[in-house]
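Me: I have a structure open and would like to go through it step by step. Could you help me read it?

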Amino acid sequence: MPSLLETSAWQALQVHYAAIRDTHLRELFANDRDRATRFSTDAVGLHFDYSKHRITEETLRLLLQLAQECGVAERRDAMFRGEHINVTEDRAVLHVALRAPRDAAIMVDGNNVVPAVHAVLDRMADFSERIRSGAWTGFTGKAIRSVVNIGIGGSDLGPVMAYEALRPYTRRDMNFRFVSNVDGTDFAEATRDLDPAETLFIISSKTFTTLETMTNAHTARNWTVQALGNDAAVKNHFVAVSTNTAEVGKFGIDTQNMFEFWDWVGGRYSMDSAIGLSTMLAIGPNHFGEMLGGFHAMDEHFRTAPFECNLPVLMGLLAIWYTNFFGAETVAVIPYDQYLKRFPAYLQQLTMESNGKHVTLEGKRVAYDTGQVYWGEPGTNGQHSFFQLIHQGTRLIPCDFIAFEATHNPLGNHHALLLASVLAQAEALAFGKTPEEVRAEGNPDWLVPHRSFEGNRPSTFILGDSLTPEMLGKLVALYEHSVFTQGAIWNIDSFDQWGVELGKALAARIAPELESAAEPELHHDSSTNALIKRLRHTTVSS
């Protein structure tokens with residue numbers, strides 16, 4: 001297979017980009033009355049309108065050819081077959097198995113993993129029902145009323161996002177809190193108003209050795225034992241999501257209350273595994289199952305739909321177009337639903353930890369940009385903060401707008417105004433406001449440049465009926481497979497994260513140097529050595 005830059009599609013795209021890069025969306029729409037229909041598609045309950053992108057039918061044809069020449073379909077099929085496409089860790093990549101139906105067969109190293117997945121889901125469901133019904137009690141006999149998930153990265157971002165997104169489906173008589181930061185403030189504020197006798201901690205760590213998670217876990221253990229006066233209370237108030245039985249037992253958690261997941265599940269792809277235990281506790285097993293169904297529906301669409309109407313593939317190809325040809329460095333994700341307020345933060349890990357890579361699968365330095373910076377806030381808040389830069393700034397920032405036809409909270413005309421806002425922003429970004437239009441409004445000449453909008457700012461409009469558990473699963477899987485598509489074209493490993501490991505190793509080395517009573521011999525750079533010496537007086541004395 002030729003390298004990316006040697007593919008005929010890539011070379012043709014370079015020529016094509018030079019020819020259309022200055023073409024305005026106003027012209028594209030004026031010349032094609034059916035453009036909105038031609039460049040939109042409906043699948044698995046989502047309407048995907050990409051007509052406000054700076055593309056033509058030729059652009060799309062060449063991008064689809066690029067996907068073919070880069071073997072996206074072959075790599076996708078290898079993933080679904082359980083092949084070890086995570087080459088640097090020699091692992092399968094099978095988050096799709098986490099939401100496969102009970103009767104499916106997905107093989108990893110000759111073993112069908114689906115029965116094991118459903119065995120864990122069944123144990124999670126049984127446990128959730130016991131907690132939610134009050135059958136499970138704390139050390140003093142009180143029912144559990146508060147659940148605190150302790151994790152970091154994928155063990156935190158997914159559960160937090162899902163809880164906030166699915167609040168209408170949660171038990172409102174229970175508290176759900178999330179602790180991730182090793183900053184003691186995070187734990188202190190999360191537990192300040194909780195009763196230890198009614199609190200359950202979920203410790204989510206595959207290895208049960210993650211520095212931040214285990215520091216918070218031991219603080220939670222001390223908090224519980226000091227309040228309840230007995231080490232035996234740990235068994236009633238702690239469960240684990242892990243694969244390290246020995247460390248879980250050493251901590252004091254009954255290993256019967258350990259929920260497993262597997263090395264073929266990356267942390268940022270794990271919210272629908274046992275990592276989602278807090279989600280299931282919050283929304284119940286039935287709604288959790290609906291969310292899995294949404295994931296699976298998008299998985300099957302990605303696996304089977306022709307690329308020209310395949311939502312994740314189209315999304316991924318548009319990302320390639322703007323990153324590698326227009327030089328766009330960021331993507332703004334703007335959900336017009338307050339319940340999705342943590343969705344952009346969740347996507348930051350999913351996208352940037354996956355595709356923030358500088359070498360190919362073969363270990364060679366890439367000769368092109370990979371990855372994008374994902375960021376965003378809910379609409380309409382973003383309109384009154386960063387939208388100015390998107391509208392009139394000098395940087396090209398493609399936007400993903402996410403909206404729903406129905407709201408969970410129909411208050412007056414709020415939802416109509418919300419939908420009007422998202423439609424208006426997409427229109428304004430695309431078409432702008434010409435100087436002639438500004439003058440026609442009676443503005444003096446000196447003010448015209450300030451009030452003109454160039455437009456030609458691209459956006460995708462993703463529309464669903466309502467934000468349900470099933471819909472959330474579809475949205476997450478849409479972005480998962482878009483990330484996959486981009487990584488396959490860039491020929492990178494989207495499923496390792498060695499950059500994260502370096503910081504962990506250095507922190508483990510520095511922590512004892514900050515805390516030791518004796519002055520340590522330091523072997524860092526001069527800046528780090530000086531900062532350690534400056535900070536030792538506060539950390540040692542405390």
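Reply: Certainly. Let us begin with a term: accessible areas come from the Shrake-Rupley method with a 1.4 Å probe. Please keep in mind that this is a predicted model.

Me: OK, what area does the protein expose, and what do carbon and sulfur atoms supply?

Reply: The protein exposes about 23,300 Å². Carbon and sulfur atoms supply 50% of that area.

Me: And what share of the residues is buried?

Reply: Of the 542 residues in the protein, 54% are buried.

Me: How does the radius of gyration fit a compact globule?

Reply: A compact globule with 542 residues would have a radius of gyration near 24 Å. The protein has 25 Å, which agrees. Along its principal axes, the C-alpha trace spans about 75 × 60 × 55 Å.

Me: What about contacts between residues 24 or more positions apart?

Reply: Among contacts with a separation of 6 or more, such residues account for 73%.

Me: Switching topic: how many helices and strands are there?

Reply: The protein contains 22 helices and 13 strands.

Me: Take helix 14. What span should it have?

Reply: Helix 14 covers residues 311-326, which is 16 residues. At 1.5 Å a residue it should span 22 Å, because the rule multiplies 1.5 Å by one less than the number of residues. The end C-alpha atoms of helix 14 are 21 Å apart, which agrees.

Me: Is helix 14 enclosed or open, and why?

Reply: Helix 14 is largely enclosed by the rest of the structure, because 16 of its 16 residues are buried. A residue counts as buried when its relative accessible area is under 20%.

Me: What follows helix 14?

Reply: G327 follows helix 14, and the phi of G327 is positive, near 75°.

Me: On to cysteines. How many disulfides does the structure hold?

Reply: The structure holds zero disulfides. C309, for example, is in no disulfide: the nearest cysteine sulfur belongs to C70 and is 20 Å away.

Me: Are C309 and C399 buried or exposed?

Reply: C309 counts as partly exposed, because its relative accessibility is 28%. C399 is buried, with a relative accessible area of 0%.

Me: Last one: where is P512?

Reply: P512 lies in helix 21, which covers residues 498-515. P512 has 44% relative accessibility, so it counts as partly exposed. P512 and I131 are 381 residues apart in sequence. In space, their C-alpha atoms are 39 Å apart.

Notes: Residues are numbered from 1 along each chain as its sequence is written. This is a predicted model: local features need pLDDT of at least 70, side-chain atom pairs count only at pLDDT 80 or more; totals for chains, interfaces and linings use all residues. Side-chain values use heavy atoms; hydrogens and water are left out. Helices (H or I, at least four residues) and strands (E, at least two) are DSSP runs, numbered from the N terminus. Buried means under 20% relative accessible area, exposed over 50%, partly exposed in between (1.4 Å probe, protein chains only). A disulfide is a pair of cysteine sulfur atoms within 2.5 Å. The radius of gyration is taken over C-alpha atoms; the globule rule is 2.2 Å times the number of residues to the power 0.38. Contact means heavy atoms within 4.5 Å.
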